[in-house]
Amino acid sequence: MGKQAAVGRSWNPNPNPNPNWAQLQSKLRTCTSCTANDSVLGKRKDSCSDSDADLPSGLNPLSHDTSLTKVLAIDCEMVGVGFQAAKSALARVTLVNSCGNVLYDQYVRPLEHISDYRTRISGIRPNHMIKAKDFWAVQQTVADLIKGHILVGHALHHDLKALLLSHPKSDTRDTSEYEPLRRGSKTRALKDLAAEILRVKIQQKEHCPVEDARAAMYIYNKHKKVWEKSLKDQVRRKNKLKDKKKKKKRLDADLKI
């Protein structure tokens with residue numbers, strides 16, 4: 001599978017962010033210190049669907065840093081394939097860094113014939129397939145980009161399944177599965193979390209994967225300190241339990257002697 005460079009067109013910051021932007025920046029100060037651990041990737045203009053003008057522009061990048069940061073967020077849009085469009089297939093994938101800058105944003109040509117573009121939700125249209133890239137090429141690029149990185153997203157299993165990829169559980173941060181963000185045993189919609197935590201509206205009409213990936217990333221950034229500490233505590237408890245079992249096993253062996 002050939003690799004494809006994650007290069008796009010230059011992007012200019014929105015000169016008129018919405019009124020919530022200053023508040024959001026103050027809440028997400030941790031993101032202003034993004035550090036690069038790889039070469040800077042080219043930006044791509046945030047060209048979402050024709051209905052983007054209807055969406056508030058609250059989720060802008062937090063800085064001009066376009067480096068491949070340790071933490072990345074992903075979002076995918078699907079179309080329907082097969083008989084009666086019963087199956088979902090990848091049609092667009094977006095990756096943003098921890099400051100919300102777009103690293104990769106690509107339309108994808110599904111392996112099967114598209115039966116339903118699901119434009120009302122996906123924002124995907126037939127003309128997007130003209131310059132769409134081959135699925136396997138996109139899959140390889142995404143696999144290369146996320147390897148060794150913490151991957152953030154909402155209901156990540158859907159995105160990874162669409163890409164036919166896996167990712168280490170220890171390196172995934174799913175905003176739909178993080179207990180403090182759930183409502184009891186039920187998961188919450190990304191747009192509801194964005195409205196509550198980030199105080200912005202998303203997914204008003206057609207979904208934009210750039211906006212959704214940023215929303216997941218900014219929600220993670222907001223909870224990052226406590227989230228990462230809870231994961232470290234879990235690992236520590238597991239290791240402690242393992243050590244306890246090993247000691248007991250050795251003690252039982254000594255008693256038999």
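Me: Where is Leu164 found, and what makes the flanking segments count as elements?
Reply: In this predicted model, Leu164 is found in the loop between α4 (156–163) and β7 (172–174); helices are DSSP runs of H or I with at least four residues, and strands are runs of E with at least two, numbered from the N terminus.

Me: Why is Leu164 called exposed?
Reply: Its relative accessible area is 52%, and exposed means over 50%, whereas buried means under 20% and partly exposed lies in between (1.4 Å probe, protein chains only); Leu164 is therefore exposed.

Me: Which residues make the nonpolar surface patch of about 310 Å²?
Reply: Leu111, Trp136 and Leu164 make this patch, where a patch takes residues with over 30% relative accessible area and no salt bridge (a side-chain nitrogen of Lys or Arg within 4 Å of a carboxyl oxygen of Asp or Glu), nonpolar side chains (Val, Leu, Ile, Met, Phe, Trp, Tyr) being joined within 5 Å and like charges within 9 Å.

Me: What does Ile219 contact, leaving aside its neighbours within four places in sequence?
Reply: With contact meaning heavy atoms within 4.5 Å, Ile219 is in contact with Thr175, Leu181, Leu190, Leu193, Ala194, Ile197 and Leu198.

Me: How many of the residues of the chain count as buried?
Reply: Of the 257 residues, 47% count as buried.

Residues are numbered from 1 along each chain as its sequence is written. Local features need pLDDT of at least 70 and side-chain atom pairs count only at pLDDT 80 or more, while totals for chains, interfaces and linings use all residues, and side-chain values use heavy atoms, with hydrogens and water left out.

How values were computed:
Accessible areas come from the Shrake-Rupley method with a 1.4 Å probe; for residues, only the protein chains shown count as cover.
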